[in-house]
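Student: I should like to take a close look at the interior packing of this protein chain. Please show the model before we begin.

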Amino acid sequence: MPRPIHATLHLDALTHNLARARSAAGDARVWAVVKANAYGHGLNQVFEGLRGADGFALLDLDEAQRLRDLGWRGPILLLEGAFEVRDLELCSRLDLWHVVHHEAQIDMLAMHKTHAPHRVFLKMNSGMNRLGLRPEAFRAAWSRLNALPQVAEISLMTHFSDADVLDGTLQQRQVFEHATADLPGERSLSNSAALLRLGACNADWVRPGVMLYGASPDHPEHSAAHWGLQPAMTLQSSLVAVQQLQAGDAVGYGSSYMAPSAQRIGVVACGYADGYMRHTPPQGVPVLVDGVLTRTLGRVSMDLITVDLTPVPLAAVGSVVTLWGQSPQGAVLPIEDVAHAAGTLSYELMCGVAPRVRKVLGS
Ligand SMILES: *Cc1c(COP(=O)(O)O)cnc(C)c1O
């Protein structure tokens with residue numbers, strides 16, 4: 001029998017969350033952001049659940065190729081554009097739209113030989129200072145692109161750094177609108193946080209990512225339940241051992257946990273080699289055993305974690321452990337709650353699920 005840890009992907013939840021994105025987007029078209037192997041869920045696995053999107057946005061050329069191999073004929077956008085001139089050949093061959101965020105990418109386009117001119121998304125650095133042309137350089141870049149025979153159509157985009165807080169997009173939106181006021185072309189704005197909190201912000205295309213997978217982008221201010229999102233992944237395993245501790249007994253590497261009194265603990269087939277976070281606070285992080293909320297104890301090791309069984313006295317070897325997502329008993333442990341307790345984000349936990357964790361399709 002394989003190790004009991006596995007990730008169940010809920011296709012119905014993906015479809016539901018996409019519909020939520022669509023209703024928040026109004027008339028704007030929806031890119032399903034599926035970078036990083038669909039935020040760790042598996043691109044091939046999520047495709048059926050998200051194929052109602054207007055397009056797919058990602059970074060890696062091999063993921064774009066996989067989408068075409070799955071039969072997707074619609075738009076695909078490379079969110080970081082080309083990394084070298086050769087990438088543009090694949091853009092021509094697979095009909096990929098791509099971001100231009102730097103002058104060097106315009107140079108590459110100018111050198112590229114193609115019969116089919118490309119659709120590009122010119123990206124503005126409106127204040128985040130990672131990718132994009134500064135507002136004062138934007139118009140010149142647009143004109144240069146517009147003069148290239150390799151370019152068919154130019155759309156305009158920017159990315160928000162603070163969409164998860166009140167008024168966090170105001171300044172960037174002003175900068176973007178001001179610097180693009182008299183330029184033609186479709187606009188793309190709004191990650192999940194902006195889309196849920198503000199809608200499409202007058203854009204033609206929105207770019208939700210994490211919300212499609214059922215996590216709230218502005219947790220802990222708002223939960224996934226608040227936004228009507230359903231978890232698309234359940235990480236589940238089971239107890240492979242139970243230990244009865246006496247007062248003073250230590251648990252795990254470094255003996256970092258010591259039982260204050262007699263206590264039953266469970267040993268779960270899940271560790272950091274499965275993508276579970278190694279750094280957990282002394283008070284542990286939440287986990288469900290047989291659908292009952294409890295917490296981890298002691299250090300997370302490569303293949304195992306230990307959990308308090310005090311609230312679940314009937315738990316035994318084989319009891320189901322829900323690391324995040326939906327328990328068979330119906331209780332839900334939001335991935336954001338687990339991430340928050342460990343000082344990280346749902347994004348990191350999703351993306352970190354290890355290849356050795358089996359992926360199973362659920363409903
Ligand atoms: C990842 C990404 C998104 C999606 O962000 P979420 O917070 O997951 O919704 C949107 N736009 C760009 C440019 C991105 O890189």
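What share of the contacts in the protein chain with a separation of 6 or more is accounted for by residues 24 or more positions apart? Please then examine the nonpolar core closely, along with the buried residues that deserve a separate word.

Tutor: The model is predicted, and every value below should be read accordingly. Residues 24 or more positions apart account for 64% of the contacts in the protein chain with a separation of 6 or more. The protein chain has 363 residues, of which 53% are buried, and its secondary structure consists of 11 helices and 19 strands. Along the principal axes, the C-alpha trace spans about 75 × 40 × 35 Å. The chain exposes about 15,600 Å², with carbon and sulfur atoms supplying 53% of that area.

In soluble globular proteins, nonpolar side chains tend to be buried together. Here the largest nonpolar core has 111 residues, and those with the most contacts inside it are Leu50, Leu145, Tyr213, Tyr276 and Trp324. Helix α1, residues 11-25, contributes the largest share of this core, namely five residues. Both domain 1 (11-213) and domain 2 (233-362) supply at least three residues each to this core.

Trp324 merits a closer view. Leaving aside neighbours within four places in sequence, Trp324 is in contact with Met233, Thr234, Leu235, Tyr276, Leu333, Ile335, Val338, Leu349 and Val353. Apart from the largest core lies another, of six residues, including Leu245, Ala259, Ile265 and Leu297.

Two residues of that other core, Ile265 and Leu297, lead to Thr306, which lies in strand β16 (residues 304-308). Not counting residues up to four places away in sequence, Thr306 touches Ile265 and Leu297 as well as Val251, Gly266, Val267, Arg295 and Thr296. The side chain of Thr306 also reaches the backbone oxygen of Leu297 at 2.8 Å. Thr306 counts as buried because its relative accessibility is 11%, below the 20% cut-off.

The cysteines complete the picture. The structure holds zero disulfides. Cys270 is in no disulfide, and the nearest cysteine sulfur, belonging to Cys351, is 17 Å away. Cys270 is nevertheless buried, with a relative accessible area of 0%. Cys91 likewise counts as buried, because its relative accessibility is 1%.

Definitions and conventions
Residues numbered from 1 in each chain as written. Predicted model: local features only at pLDDT ≥ 70, side-chain atom pairs only at ≥ 80, totals over all residues. Heavy atoms only, no water. Core = buried A, V, L, I, M, F, W, Y, C linked by side-chain atoms within 4.5 Å. Buried < 20%, exposed > 50% of the residue type's maximum accessible area, 1.4 Å probe, protein only. Helix = DSSP H or I, 4+ residues; strand = E, 2+ residues; numbered from the N terminus. Domains from an automatic or database assignment. Contact = heavy atoms within 4.5 Å. Polar contact = N/O pair within 3.5 Å; in protein donor to acceptor, adjacent residues only side chain to side chain. Areas by Shrake-Rupley, 256 points an atom, 1.4 Å probe, with all protein chains shown as cover. Disulfide = S-S within 2.5 Å.
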